[in-house]
Amino acid sequence: MTNEFENQASEVEETMPSMEDMLAETKEVKIGDTVTGEVLAIDENNQLVVGIEGAGVEGVVPFRELTSKQVEDVTEVANVGDKLELVVVKQIKDKENGTFLLSHRRLEAQKVWKELEEKAANKEVLTVPVTKVVKGGLVVDAGVRGFIPASMVENYFVRDFSAYKGKELDARIVEINPVENRLILSHKEIAAEQEEKARTEKLEQFEEGEVVEGTVARLANFGAFIDLGDIDGLVHISQIAHHHVNHPSDVLEVGQKVQVKILGIDEEHGRISLSMKAVTPSPWEIIEETAAKGTELTGIVRRLVDFGAFVEVLPGVEGLVHISQISHEHVNHPSDKLKEGQEVQVKVLEVNAEDHRLSLSMKALEEAPEQQEEKAEAPRRERKAAPAPRRKAAQNTQAKAQSPAAEEESSFSFADLLGDKLKDFNFDDSED
């Protein structure tokens, strides 16, 4: 009986590991090591009390070190009996058994940093939520804390970033340093790419030569930008109307609906060239009706040149008053009689719709001055009134008497020509 008991005790001793064996199997825990811990309990501070496998020691995981995710209850991450991978942060020396401070969050971060480094190398696009708006830009959650500087948020100036909080943005990593926990991202180039892609898709909706409706979005000195539906086109000032336009605001106002024709599409630069005057009839198409030959019109002197004046008689229609047609008087230069901006009356002398030419006259609407006729006749009167020798006058008396037409042509009477020759003649004596 005694021998049997001794044999059983001997077998138990053989199966039980010795203290030396147990110590040999115990793993030494060092700061920075990755260990597996089994959750033994959850204390009143929401800390996990875990046993470190293979070490024979315990550790604690504070709530803040549990996860980088936003959670309200520790049980959302771990429960008693769960096993977690943890990183050793430091040793708590005042505790028995050499308790260690452990972190699951930092181990997650290590994995995240490694993944982010790979994504940065591949220039991958990350979708990150904005967690906070600060003075210098946006704080985002990329698994670890990331930052988008204000200058890298959009490809245009943003004054107030408050609307970005809670939104998700696509971004690329521009700088990463896991040791310093530094992660800088940019949404600017993504925004530019997205805008370019959207613009290209919108440009494909239009065709050159197509007539579409748009809204005047803004005015500039050189033209008007027309909103065609999330994409703008430009009507150059020369394409607003057939007539001269000093400034787009003289014809258009913001918000006005207009019909425009697409002149060209520049896909490389994402531009659309538009024309308003291309969808309205040219005044030269109906010029023979509105300014037919012989028509009297009121116009504005637009330009003076050495050989005449260009007068605008209809919107977009200018005609030439040649220097010889300005006045009945001799004109050395058009500026002697006219000035730019002056309103004048003209008569249409000739119309050439095909060549866009209009010949005009101002003097055709004025009567020729009588002075000129009188000046032309004065030399003849003076010659006819010149005193002639009495002998020659007497010799011509009979001829003039026989030629009534000659008397009519002269400004002098027959009696005037005889003069004193008859003053002493007694008609009574002749009867005797």
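**View 1. Gly56 sits in the loop between β2 and β3.**
In this predicted model, start at the turn from β2 (48-52) to β3 (57-61), where you will find Gly56. Is Gly56 buried or exposed? Gly56 counts as exposed, because its relative accessibility is 73% and the cut-off for exposed is over 50%. To place Gly56 in space, look for Glu28: the two residues are 28 positions apart in sequence, and their C-alpha atoms are 9.4 Å apart.

**View 2. The whole protein, for orientation.**
Before going further in, it helps to step back. The predicted model has 10 helices and 20 strands. Of its 432 residues, 29% are buried. The exposed surface comes to about 28,600 Å², and carbon and sulfur atoms supply 46% of that area. If you take the contacts between residues at least 6 apart in sequence, 55% of them join residues at least 24 apart.

**View 3. The largest nonpolar core has 21 residues.**
Which members touch the most other members of this core? They are Leu116, Leu138, Ile148, Leu183 and Leu185. At least two core residues come from each of α3 (105-121), β6 (126-134), β7 (137-141), β9 (168-177) and β10 (182-186). The largest share, four residues, is supplied by α3.
Zoom in on Ile148 to follow its surroundings. Setting aside neighbours within four places in sequence, Ile148 contacts Gly136, Gly137, Leu138, Val140 and Val153. The list continues with Leu169, Ala171, Leu185, Ser186 and His187. Leu138 and Leu185 are therefore both partners of Ile148 and, like Ile148, among the residues that touch the most other core members.

**View 4. His187 is a buried loop residue.**
From Ile148, move on to its contact His187. His187 is in the loop between β10 and α4 (188-203). Why does His187 count as buried? Its relative accessible area is 6%, and buried means under 20%. A polar atom of the His187 side chain lies 2.6 Å from the backbone oxygen of Asp170. Not counting residues up to four places away in sequence, His187 touches Ile148, Met152, Val153, Glu154, Leu169, Asp170, Ala171 and Gln194. Asp170 thus appears in this view both as a contact of His187 and through its backbone oxygen.

**View 5. Asn181 has a positive phi in the loop between β9 and β10.**
Here is a backbone detail to check on your own display. Asn181 is not a glycine, yet its phi is positive, at about 50°. Asn181 belongs to the loop between β9 and β10. With a relative accessible area of 54%, Asn181 is exposed.

**View 6. β11 pairs with both β14 and β12.**
Follow β11 (residues 211-220) and you will meet two partners. Strand β14 (residues 257-266) pairs with β11 in the antiparallel sense over five bridges, and Glu213 stands opposite Gln259 in β14. Strand β12 (residues 223-227) also pairs with β11 in the antiparallel sense, again over five bridges. Where does Ala220 find its opposite number in β12? Ala220 stands opposite Gly223. Two residues lie between β11 and β12, and the two strands form a hairpin.

**View 7. Five strands close into a barrel.**
Going round the barrel, the order is β16-β17-β18-β20-β19, with mixed pairing. The twist from one strand to the next averages 50°. For a closer look at one seam, choose β16 (residues 296-305) and β19 (residues 343-352), which pair in the antiparallel sense over five bridges. At this seam, Leu297 has Val346 of β19 as its bridge partner.

**View 8. His356 and Leu365 lie in loops on either side of β20.**
His356 is found in the loop between β19 and β20. What is the sign of its phi? Phi of His356 is positive, near 55°, in a residue other than glycine. His356 is partly exposed, with a relative accessible area of 44%.
Leu365 is in the loop between β20 (357-361) and α6 (370-385). At 31% relative accessibility, Leu365 also counts as partly exposed. Apart from neighbours within four places in sequence, Leu365 contacts Glu296, Gln345, Val346 and Lys347. Glu296 is 69 residues away along the chain, while the C-alpha atoms of Glu296 and Leu365 are 8.4 Å apart. Val346 links this view to the previous one, as a contact of Leu365 and the bridge partner of Leu297.

How values were computed:
Residues are numbered from 1 along each chain as its sequence is written. This is a predicted model: local features need pLDDT of at least 70, side-chain atom pairs count only at pLDDT 80 or more; totals for chains, interfaces and linings use all residues. Side-chain values use heavy atoms; hydrogens and water are left out. A nonpolar core is a set of buried Ala, Val, Leu, Ile, Met, Phe, Trp, Tyr and Cys residues joined through side-chain atoms within 4.5 Å. Buried means under 20% relative accessible area, exposed over 50%, partly exposed in between (1.4 Å probe, protein chains only). Contact means heavy atoms within 4.5 Å. Two strands pair if DSSP finds at least two bridges between them. Axes are lines fitted to C-alpha atoms, for helices over the stretch in contact, and angles run from 0 to 180 degrees between N-to-C directions. A polar contact is a pair of N or O atoms within 3.5 Å; within protein, one must be able to donate a hydrogen and the other to accept it, and residues adjacent in sequence count only if both atoms are side-chain atoms. Accessible areas come from the Shrake-Rupley method with a 1.4 Å probe; for residues, only the protein chains shown count as cover.
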